[in-house]
Amino acid sequence: MVKISADNCIKCKKCEAICPVTGVDIENNNISKDCIQCYHCGAICPQKAIGKGKLVGKTSQNNIQPYDFELLMEQRRSHRIFSTQQVSPELLKKFVEHMRYSPTASNLQNLSFTIVTNKKKLKEINDLSIETISKAFRSINDITKPIIRLLKGRHTLKTMEQSKRKFLQKAELRKDMICYNAPALIVVHSESMPTGMPCHDANIWTGMATLYAELLNLSTCINGYIVNAAKRNKKIKQVLHIPIKNEIHSTILIGYPRTKFENRIERKMPKINFISE
Ligand SMILES: Cc1cc2nc3c(=O)[nH]c(=O)nc-3n(C[C@H](O)[C@H](O)[C@H](O)COP(=O)(O)O)c2cc1C
């Protein structure tokens, strides 16, 4: 719980101004019960008079230049060919621990992480996901197609048929098409929360994790298929020892790369609409 130390406070009230829930009342030495414990108050206090216990040092100027970040963004790619080199459990643990600074809605910090490095388990997840998604795709057949067309429209049906063809074709050719023989898989999950946005939290985490991984010379591939398969087949959560009440929001394959992307590529320019008047 956030506490105010009246002895050190100089009543500059920067904490009151910064609090996202307007929960600091310096005059009455009170913190509202709505406090989300983000500690913006402590982070801004020149006197360290609030949020004691969570203050771990001074912030320092980072030396990352905009160009460094632009290059990192541009050069990050999904990797599907991994080296057989294992990623140490210590590094994976450190990785996930550092990623705790990724923001969460209402500062809930409620994400849980399951890290799989066991080869047999990874293969099991791979095979179960293929089996589950193949089954779902096979349910798009001559009997169900007219219903799908009626409910979702011709265009959606066509896209679904294309996805079915591509998936089943690839599943024939690449038996490792889900986990790509990656040495590790990180699964991001949480209990479903009526007020939070855990799925967004997890996907923001995942996006940031792909960038952090690059800086550690690790490569990643975000994997949506496992998320999709886990929604359809509860055995996937069982294999991962994830409680039944938890939902898998995102997954990321991680390992050392076996290939290097030599060339930079162009991307579609985003459509931007300015509303300035
Ligand atoms: C939400 C999300 C889900 C994804 N799911 C998969 C997946 O299941 N399998 C896969 O091989 N790639 C997956 N990807 C990777 C995309 O295919 C990849 O990001 C895209 O083709 C662009 O390539 P790049 O990441 O190398 O820039 C996913 C990416 C995102 C953002």
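This report walks through a four-stranded sheet and a pair of packed helices in a predicted model.

**The sheet**

Let us start with the strands. The sheet is open, its four strands run in the order S3-S4-S6-S5, and their pairing is antiparallel. Strands S3 (112-116) and S5 (219-222) lie at the edges with a single partner strand each, so one side of each has no neighbour in the sheet. On average, neighbouring strands here are turned by 25° against each other, direction ignored.

Strand S6 pairs with S4 as well as with S5. S4 (residues 184-191) and S6 (residues 246-255) are joined in the antiparallel sense over eight bridges, while S5 and S6 pair, also antiparallel, over four bridges. A few residue pairs help to find your place in the structure:

| Residue | Opposite residue in S6 |
|---|---|
| Val 188 | Ser 250 |
| Ala 184 | Ile 254 |
| Ser 219 | Gly 255 |

Nine of the 10 residues of S6 are buried, so the strand is largely enclosed by the rest of the structure.

**The helix pair**

Now for the helices. H5 (residues 119-138) packs with H7 (residues 154-173) at an angle of about 145°, and their axes are 10 Å apart. The crossing of the two is left-handed. On the H5 side, the contact is made by Ile 130, Ile 133, Ser 134, Phe 137 and Arg 138. H7 contributes Met 160, Ser 163, Lys 164, Phe 167, Leu 168 and Ala 171. Sorted by character, the residues of this H5–H7 contact comprise seven nonpolar, two polar and two charged.

Key: Residues numbered from 1 in each chain as written. Predicted model: local features only at pLDDT ≥ 70, side-chain atom pairs only at ≥ 80, totals over all residues. Heavy atoms only, no water. Pairing = 2+ DSSP bridges. Axes fitted to C-alpha atoms, helices over the stretch in contact; angles between N-to-C directions. Left-handed = near helix turned anticlockwise from the far one by under 90°. Contact = heavy atoms within 4.5 Å. Nonpolar A, V, L, I, M, F, W, Y, C, P; charged D, E, K, R; others polar. Buried < 20%, exposed > 50% of the residue type's maximum accessible area, 1.4 Å probe, protein only.
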